[in-house]
Amino acid sequence: MNKLERDLINNLQGGFPICAHPFQVLADRLGYDEETIIDGVKNLIADGYVSRFGPLYNTERLGGAVTLAAIAVPSDRFDEVAEQVNAFDEVAHNYAREDALNMWFVILAEDEKKLQHVITRIENATGLRVLSFPKEREYFLELHLEVPDQ
């Protein structure tokens, strides 16, 4: 990891400028030009250091509905079911766990009725029961991982 990549990771956590030219603000703060910052962020993603760069929205505050869902998938069908689940636009991400409930994913929808409809559609597509674990309480943990100089 080069100095620019370390600078970006260390300074993109915990807030991003909300203004007309946020990359320029970051460039001024870190001593680079705006294009270098933009290219650096693209490279962090392309090189796999960062999986995603973008805002996080609170679906419920925007009037939507969200749930953490799980399925017990037979191991010989895992890839097939993952493909079926991931085909739904409402599925944000999908990951495997070593447990009876071995597939977990987040579903976001416009409202609770549409969320339930998506769950039913996934059950129909996969032939498997989807368990829904809606959020009961929200906690915010700010985690900052510092990348040290080499």
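In the predicted model, helices α1 and α3 are roughly perpendicular to each other, since their axes, those of α1 (residues 3-12) and α3 (residues 34-46), cross at roughly 90° and come within 10 Å. On the side of α1, this contact is formed by L4, E5, L8, I9 and L12, and on the side of α3 by T36, I37, G40, V41 and L44. Sorted by class, the residues that join α1 to α3 comprise 7 nonpolar, 2 polar and 1 charged.

Helix α1 also packs against helix α2 (residues 22-30), and here the two axes come within 11 Å and cross at roughly 115°. The crossing in which α1 passes α2 is right-handed. Residues D7, L8, N11 and L12 of α1 meet L26, R29 and L30 of α2 in this contact, which by class holds 4 nonpolar, 1 polar and 2 charged residues. L8 and L12 of α1 thus recur, being listed both in the contact with α3 and in the contact with α2.

The third pairing among these helices is that of α2 with α3, which pack at an angle of about 105° with their axes 8 Å apart; α2 is therefore roughly perpendicular to α3. The residues involved are F23, Q24, L26, A27 and L30 from α2, together with E34, I37, I38 and V41 from α3, and they divide into 7 nonpolar, 1 polar and 1 charged. Among the contributors from α2, Q24 is partly exposed, with a relative accessible area of 27%. The C-alpha atom of Q24 is separated by 19 Å from that of I45, a residue 21 places away along the chain.

The burial of α1 is in keeping with these contacts. The helix is mostly covered, with 8 of its 10 residues buried, namely L4, E5, R6, D7, L8, I9, N10 and L12. What covers these buried residues includes α2 and α3. A further contact of α1 residues is with V147, which is placed in the segment after β4 (131-133). Although V147 and N10 are 137 residues apart in sequence, their C-alpha atoms lie 6.3 Å apart in space. Neighbours within four places in sequence aside, V147 is in contact with M1, R6, I9 and N10, of which R6, I9 and N10 are among the buried residues of α1.

In soluble globular proteins, nonpolar side chains tend to be buried together. In the present model, the largest nonpolar core contains 20 residues, and the members that touch the most others are I71, V85, M103, F105, I107 and I122. The elements giving two or more residues to this core are the strands β1 (65-71) and β3 (103-109) and the helices α4 (78-86) and α5 (112-126). A second core, separate from this one and made up of 12 residues, includes I9, L12, L30 and V41. Of these, I9, L12 and V41 also take part in the contact of α1 with α3, while L30 is found in the contact of α2 with α3.

Within the largest core, the surroundings of M103 can be given in detail. When residues up to four places away in sequence are not counted, M103 touches A69, A70, I71, V73, F78, V81, A82, V85, N94 and Y95. Two of these partners, I71 and V85, are themselves listed with M103 among the core members that touch the most others.

Notes:
Residues are numbered from 1 along each chain as its sequence is written. This is a predicted model: local features need pLDDT of at least 70, side-chain atom pairs count only at pLDDT 80 or more; totals for chains, interfaces and linings use all residues. Side-chain values use heavy atoms; hydrogens and water are left out. A nonpolar core is a set of buried Ala, Val, Leu, Ile, Met, Phe, Trp, Tyr and Cys residues joined through side-chain atoms within 4.5 Å. Buried means under 20% relative accessible area, exposed over 50%, partly exposed in between (1.4 Å probe, protein chains only). Helices (H or I, at least four residues) and strands (E, at least two) are DSSP runs, numbered from the N terminus. Contact means heavy atoms within 4.5 Å. Axes are lines fitted to C-alpha atoms, for helices over the stretch in contact, and angles run from 0 to 180 degrees between N-to-C directions. Angles under 35 degrees count as roughly parallel, over 145 as roughly antiparallel, 65 to 115 as roughly perpendicular and the rest as oblique. Ala, Val, Leu, Ile, Met, Phe, Trp, Tyr, Cys and Pro count as nonpolar, Asp, Glu, Lys and Arg as charged, and the others, Gly among them, as polar. A crossing is left-handed if the near helix is turned anticlockwise from the far one by less than a right angle, and right-handed if clockwise.
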